[in-house]
Amino acid sequence: MLRIVLGFVVFAIILDAVHPGLFLSIEGKIGLCLIVLSILAWEMYSFWYFHNDKFLKLKSGIEDHAIDCNNLNRHIEQLKRTRLDINSYDYGLSDRYDTSRYNFKRNEWARTKRDDKIHHCSASVCKAANDQPFKYLCKYFDIDVSEETLSHLENALNNYLAAYQGKVLLEQERDRLMQSLTDPLPSLFYKLSKNRLAKELGFEPVRLVDINFQTYKFQYVSSGGNSSYEVSIMLNMENLEKFIKYLGDKIRFKNSAKGQRALMTPLLREKIKKRDKNTCQQCGVSVGDEPNLLIEIDHIIPISKGGTTTEDNLQALCWRCNRTKGAALSQAKISACE
Ligand SMILES: [Zn+2]
């Protein structure tokens, strides 16, 4: 904020130097100079304060907590990167040329991209996909209506929900730690520039960029290449939850034994947390001990090893234990491949 004010003031001084007397009186110039000097003095004081022994002592006092917050931050970033790889086919390579003798422009054709998440189709398929997105998503993007797809989507939704919840809890925990510093100066910095104080205390910045949700598109381009139409289906959290219910119903309809299980919905997540009293079933830490603790839902026997989403195979784990378990599983996977 202060830097923006400084930038604006410097800009005003330069403008006045180029066009003298355009809008600044002599009193105005003195006022602006005083503002610049005050900001520079504040910046110099801040630099001195953040390198002062007293502040460095405060910083080392919460160092372990800051490291813990940074680890949670990285864990959230990993959860956000969960991909929906439910139809990753390699359709091969080809080249396209317009070999017509006339100089047709086919503007819309030139704009279309080749992508395995875009299906080029007739206008009527586009319209039908708009009416019944999930039905057409499965049909035209070769998405298997199977337990495997369902588990994969449930896992992705579970990770996205944990990422969202984790971000809120992480920010609350950072604020709690910063406010717990008894020295009055950090409180002043907290009010003036929270992000700067967080940075000086060793907290890594929390990225505000959202999850890049998978989007599937149906695209119609007229044969003349002059008009086009597009239906876009974004599998954000709301739509993903609906898609999971849709696939769950289809699988139940097929009467598969596994299809009779409960779906991993936000409701079930909350039920398991309540059943396990918001306590990590591995290390025993609870929300009572750490108010901003991120509790995740874990499959005791992982889905990759034949586990299912049944209540007796689900447990509440703190993010630290879940992260360690996830890392151990991927390490075991790498060792098995070697
Ligand atoms: Zn734990």
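Here is a quick tour of a predicted protein model with a bound zinc ion.

**The overall picture**

Let's start with the chain as a whole. It has 338 residues, and 40% of them count as buried. Its secondary structure comes to 13 helices and 5 strands. If you look at contacts between residues with a separation of 6 or more, 70% of them involve residues 24 or more positions apart. As for the outside, the accessible surface is about 20600 Å², and carbon and sulfur atoms make up 57% of that.

**The zinc site**

Now zoom in on the metal. Which residues hold the zinc ion as protein donors? The donors are Cys280, Cys283, Cys318 and Cys321, each through its SG atom, and they lie 2.3 Å from the zinc ion. Along the sequence, these donor residues follow the spacing C-x2-C-x34-C-x2-C. Two of them, Cys283 and Cys318, tie together distant parts of the chain, being 35 residues apart. Cys283 sits in the loop between helix H12 (266-275) and strand E4 (295-299), while Cys318 belongs to strand E5 (residues 314-318).

Why is the arrangement called tetrahedral? The 4 donor atoms subtend angles of 105 to 114° around the zinc ion, and four donors count as tetrahedral if all angles lie between 85 and 135 degrees.

**Aromatic company**

Rings are worth a look too, since the structure holds 14 aromatic pairs. One of them is Phe134 with Tyr246: the ring centres are 5.6 Å apart and the planes meet at 50°, so this pair is tilted. It also bridges distant parts of the chain, with Phe134 in helix H7 (residues 133-140) and Tyr246 in helix H11 (residues 237-253), 112 residues apart.

Elsewhere, Trp42, Tyr45, Trp48, Tyr49, Phe50 and Phe55 come together as one aromatic cluster. There is also a charge over a ring: Lys167 lies over the face of Tyr164, at 5.9 Å from the ring centre.

**Buried or partly exposed?**

The residues of the two linked pairs described above can be set side by side for their accessibility.

| Residue | Relative accessible area | Class |
|---|---|---|
| Cys283 | 46% | partly exposed |
| Cys318 | 0% | buried |
| Phe134 | 13% | buried |
| Tyr246 | 22% | partly exposed |

The cut-off for buried is under 20% relative accessible area. That is why Phe134, at 13%, counts as buried, whereas Tyr246, at 22%, counts as partly exposed. In the zinc site, Cys318 is buried at 0%, and Cys283 is partly exposed at 46%.

Methods:
Residues are numbered from 1 along each chain as its sequence is written. This is a predicted model: local features need pLDDT of at least 70, side-chain atom pairs count only at pLDDT 80 or more; totals for chains, interfaces and linings use all residues. Side-chain values use heavy atoms; hydrogens and water are left out. Donors are N, O and S atoms within 2.8 Å of the metal (3.2 Å for Na, K and Ca); water is not among the atoms, so sites may look incomplete. Four donors count as tetrahedral if all angles lie between 85 and 135 degrees; four count as square planar and six as octahedral if opposite donors are over 155 degrees apart and all others between 65 and 115; anything else is irregular. Helices (H or I, at least four residues) and strands (E, at least two) are DSSP runs, numbered from the N terminus. Buried means under 20% relative accessible area, exposed over 50%, partly exposed in between (1.4 Å probe, protein chains only). Rings of Phe, Tyr and Trp (its six-membered ring) pair if their centres lie within 6.5 Å; planes under 30 degrees apart count as stacked, over 60 as edge-to-face and the rest as tilted. A charge sits over a ring if NZ of Lys or CZ of Arg is within 6 Å of the ring centre and within 35 degrees of the ring normal. Contact means heavy atoms within 4.5 Å. Accessible areas come from the Shrake-Rupley method with a 1.4 Å probe; for residues, only the protein chains shown count as cover.
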